[in-house]
Amino acid sequence: MTEAVRRTGGLTNYIATAAEVGGQLAANRYLVLLRMLCAKALYGLSAAEYGLYGLHRRPFSRVSAYRTKKQTTAWFNRINPGDRKPLVEDKLAFHRKCQSANLPVPPLLAVLSSRSPHDADGFPLLTCFSDVQRHFAGDDSLRLILKPRSDAMGTGVRFVELRSGEPFDIEGRPIDAVPFADSLHFDMRRDDYLVQSFVRPHPDVARLGSGKALGTLRIVTFLKGSEFWVLYALMRIPSLGNVHDNFSAGASGNLIANVDVETGRLGPAWGRRNGGFPRLLESFDCNPDTGLPVRGEALPQWGEIRDAVRRAAHAFRELPFLGWDFALSDDGIVIIEANSNPDIVGAQVSTGKGARELLRPLCSG
């Protein structure tokens, strides 16, 4: 056992992942295991990453291009100044800056807080879910997203449809308001919430998935002086029952597909559907839940999206490297949020390229 593997807690994950890779590819599991250990010793890649990125299908000379989340985080932290990150990490500050730059964002209807934040001026300030119900009681039907002001990765996001103040979930089922309010109150002890209108997806985007959640585009940009790059783009495809579209390395059940940055056409969808290989991912030309095509589908308004993401990157040029979450709604293009440390997992999965290749402009000079 190498020292590198000993630090990870033993060979258990390596042996299990090697067995799955061997079973999926009809390869010798012991040779797979040896190759995985070499990838760990040379490049720091874990068993999980080796399996997720399908590295046994790659020539070993290409494995060196792949990176772990920890490695890319250190990389991005050198590029984006720490004192400017609140521009995107604070969603209220982000909303205000987008508005000042005339960038399209979802309507912000209220701020939900028990702390009376000093910068909530201009928006109704509500203190609990009962306030939300009363505030919107006059609306026959209103679909809302309650989003933590600071949390990332979809943590704590809640969907609720209010019908004359009575709450329903994304499937249209009644919500028991008491436990819903108690859970929200618990989370509000550590973070304020923004109350936003739910963005309805464009029909061409909605049919890619099997759920009712909004599927967003992750578009990663880099500014260096006068030069601008769209480094890669991904389409998140939500599955039934999920209120968010996060990929979470396939664990969420959602799918992800690469988007050709020139044409806006999708590659195959990636995700987990085979219970026999819980550590590995599969690619699908069609959505495995609906049978509808994914690969080769063209996203509508791609030229407009590219123009909007260029404007957005320049408006936030204090942070040269950003991952933008765009939505194609039934009412046009909308920016949901931006991330100064975008997750590289989905990109390395769906493009078949390592981070060093995808982020080449960051390495030059």
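**Close-up views of helix α10 and strand β10**

**View 1. Buried residues of helix α10.** In this predicted model, F180, L184, D187 and M188 of α10 are buried. Because these residues cover an arc of only 100 degrees around the axis, they lie on the same side of α10. The opposite face, turned away from the buried side, bears the exposed residues V178, D182 and F186.

**View 2. Length and surroundings of helix α10.** Helix α10 comprises twelve residues (177–188). At 1.5 Å a residue the helix should span 16 Å, and its end C-alpha atoms are 16 Å apart, so the expected and modelled spans agree. The packing partners of the buried residues of α10 are the strands and helix β1 (108–112), α9 (129–135), β3 (142–148), β4 (158–163) and β6 (193–197).

**View 3. Strand β10 and its pairing with β9.** Strand β10 covers residues 266–271 and is mostly covered, with six of its six residues buried. Strand β9 (residues 255–259) runs antiparallel to β10 and is joined to it by three bridges. Within this pair, A257 has A269 of β10 as its bridge partner. The two strands form a hairpin with six residues between them, where G264 adopts a positive phi near 80 degrees.

**View 4. Pairing of strand β10 with β11.** Strand β11 (residues 282–284) is also antiparallel to β10, and three bridges join the two. Here G271 is found opposite E282 of β11. Strand β10 is thus bridged to β9 and to β11.

Terms used:
Residues are numbered from 1 along each chain as its sequence is written. This is a predicted model: local features need pLDDT of at least 70, side-chain atom pairs count only at pLDDT 80 or more; totals for chains, interfaces and linings use all residues. Side-chain values use heavy atoms; hydrogens and water are left out. Buried means under 20% relative accessible area, exposed over 50%, partly exposed in between (1.4 Å probe, protein chains only). Helices (H or I, at least four residues) and strands (E, at least two) are DSSP runs, numbered from the N terminus. Two strands pair if DSSP finds at least two bridges between them. The expected span of a helix is 1.5 Å times one less than its number of residues. The arc is that of the directions from the helix axis to the C-beta atoms. Contact means heavy atoms within 4.5 Å.
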